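The following exercises concern empty space inside a protein and at its surface. Please work through each task with the sequence and the structure at hand before reading the solution.

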Amino acid sequence: MFIDKVRIHVTGGNGGAGCMSFRREAHVPKGGPDGGDGGHGGNVVVEADASLSSLIEYRFKHHFKAERGTHGKGSRMHGATGEDLVLKVPVGTVVREYFEDEKETGELIADLTHDGERVTVAEGGMGGRGNIHFVTSRRRAPAFAELGEPAQEGWIELEMKLMADAALVGMPSAGKSSLIAKMSAARPKIADYPFTTLVPNLGVARSGDLSFVVADIPGLIEGAHEGKGLGHEFLRHIERTALIVHVVDLTGDWEGRDPLEDYEIINRELALYADELANRPRIVVANKIDVPGVEEACELLAERVREDSLAAADGDEFGQSSIDPKLYCISALTGEGVDGLKAAIATKVHELREAARAHAEQDVQYEHVWELKREARDKRFKVFPLGGGVFRIEGPQVERMVVQTDWENEEAILFLQHRLKRLGVEQALERAGAVDGDEIRIVGRAFEFESARTAEDLYKELDL
């Protein structure tokens, strides 16, 4: 089954808790702290795999979680790191944020166009630090450690777009499936009724020393750019192709359609779906020349293609048209003209590949770009006055700090206050009108606000 879009929930592994422990050995009555760190949680990673052809693995299972880190122990024994969870997807998969409540997609996370390319979509939590990290010259026996950091989680959308050099487009029953079967080893379903093809088919064609990957896109209809006839589901697979091969049925099929009108409809739908598709390199193919009485339609279509090519060249500053001025007349049934068409497609694809290679920019490091965006977003926080001297603070990093704190330990709470001050949380509260004694709420925890000076003095007294 061909599945090309899914939405899944991913959760990294939580970090293990740090250990609060002191060395106890014979003849060492007052051994120092020796609590080990908790292990980091595993990440959820999406990786492109050339051996996959659809997203069917995610059709029924939608929730994925990486392994958590284990807790630290005494004697400086650190917890084990949780294993990463690697989710394999087909090459050509676009990964985006998805907001389940709003039913909307967010920022692009990665566009995985190469085999083995990967991106982390949910980071595991950092392991909590053991009490060996909180020793100072004045505080020799810190009686607290950090809890493990909670992992990142959220919904993502996986959308697969075919990676093909050329895409066959046209009205239903234009003969696209017959053509791809004649050009390559692909064996799609072929019948004499419209909408026989319901999913894209891929085939590898060869002409001389050149080869190319061709995709048979299911038939489009008028209004496809608005989603009619599953238009959106099919049109997105054309976006990656370097060359569009527009197949026109000279007979008008059993409905008796006008071939010229069919030609205009498809051109219009491509342009309305995405502006760049209007200028995508294009070859026009007239199919079914084996049927008697199509000569006039073929001549009229050839003239229209030449006119469009000249018009496109006039509008281009370099005087070059993206439309091949020649109409390729073929019969996908008998094979007449198919070899010449294959040669033309192979040559054009080779030229486009070379041009793309000459102007190729450095590959985007999605892992780094997404990580920088995620870090910047994590550091942001907001203060919401709730009235009556109550304020709520929201922000990923601030909330993780609170969750990491052992609220049964006074030293750990004071250490949290110091960390919040360094992030600028106390200054933001003061700007929002908070005064000593007001209630501050963060992820279900509530505590009294103390001015920066008061908290800092207490912090110094305890040498935290």
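**Exercise 1.** Between which domains does the second largest cavity lie, and why?

*Solution.* The model is a predicted one.

Step 1. List the lining. The residues that line the second largest cavity are Phe144, Ala145, Glu146, Met401, Gln404, Thr405, Asp406, Ala412, Phe415, Leu416 and Arg419.

Step 2. Consider the domains. Domain 1 (5-161) and domain 3 (379-449) both contribute to this lining, and the second largest cavity therefore lies between them.

Step 3. Assign the secondary structure. At least two lining residues come from each of H8 and H9; H9 gives the most, with 4 residues.

Step 4. Add volume and character. The second largest cavity has a volume of about 80 Å³, and its lining is made up of 6 nonpolar, 2 polar and 3 charged residues.

**Exercise 2.** Determine how many cavities of 30 Å³ or more the model has, and describe the lining of the largest cavity.

*Solution.*

Step 1. Count. There are 4 cavities of 30 Å³ or more.

Step 2. State the volume. For the largest cavity, the value is about 100 Å³.

Step 3. Locate the centre. Of the 13 residues that line the largest cavity, Gln417, Leu420, Glu426, Phe447 and Phe449 lie nearest its centre.

Step 4. Identify the elements. Two or more lining residues are given by each of helix H9 (410-423), helix H10 (425-431), strand S17 (439-442) and strand S18 (445-448). The largest share, 3 residues, is that of H10.

Step 5. Classify the residues. The lining of the largest cavity comprises 9 nonpolar, 1 polar and 3 charged residues.

**Exercise 3.** Turn to the second largest pocket: state its volume, and establish which residues are the closest to its centre.

*Solution.*

Step 1. State the volume. The second largest pocket has about 650 Å³.

Step 2. Find the centre. Glu97, Phe99, Glu153, Gly154 and Arg377 are the closest to the centre, out of 19 residues that line the second largest pocket.

Step 3. Identify the elements. Strand S5 (93-99), strand S8 (153-160), helix H7 (366-379) and helix H8 (396-404) are the elements that give two or more residues to this lining.

Step 4. Classify the residues. By class, 11 residues in the lining of the second largest pocket are nonpolar, 2 are polar and 6 are charged.

Notes: Residues numbered from 1 in each chain as written. Predicted model: local features only at pLDDT ≥ 70, side-chain atom pairs only at ≥ 80, totals over all residues. Heavy atoms only, no water. 1 Å grid on protein atoms, 1.4 Å probe; cavity = no way out; pocket = protein on both sides within 12 Å on 5 of 7 lines; lining within 4 Å. Points joined across faces, edges and corners; volume = space filled by probe spheres on them. Nonpolar A, V, L, I, M, F, W, Y, C, P; charged D, E, K, R; others polar. Domains from an automatic or database assignment.
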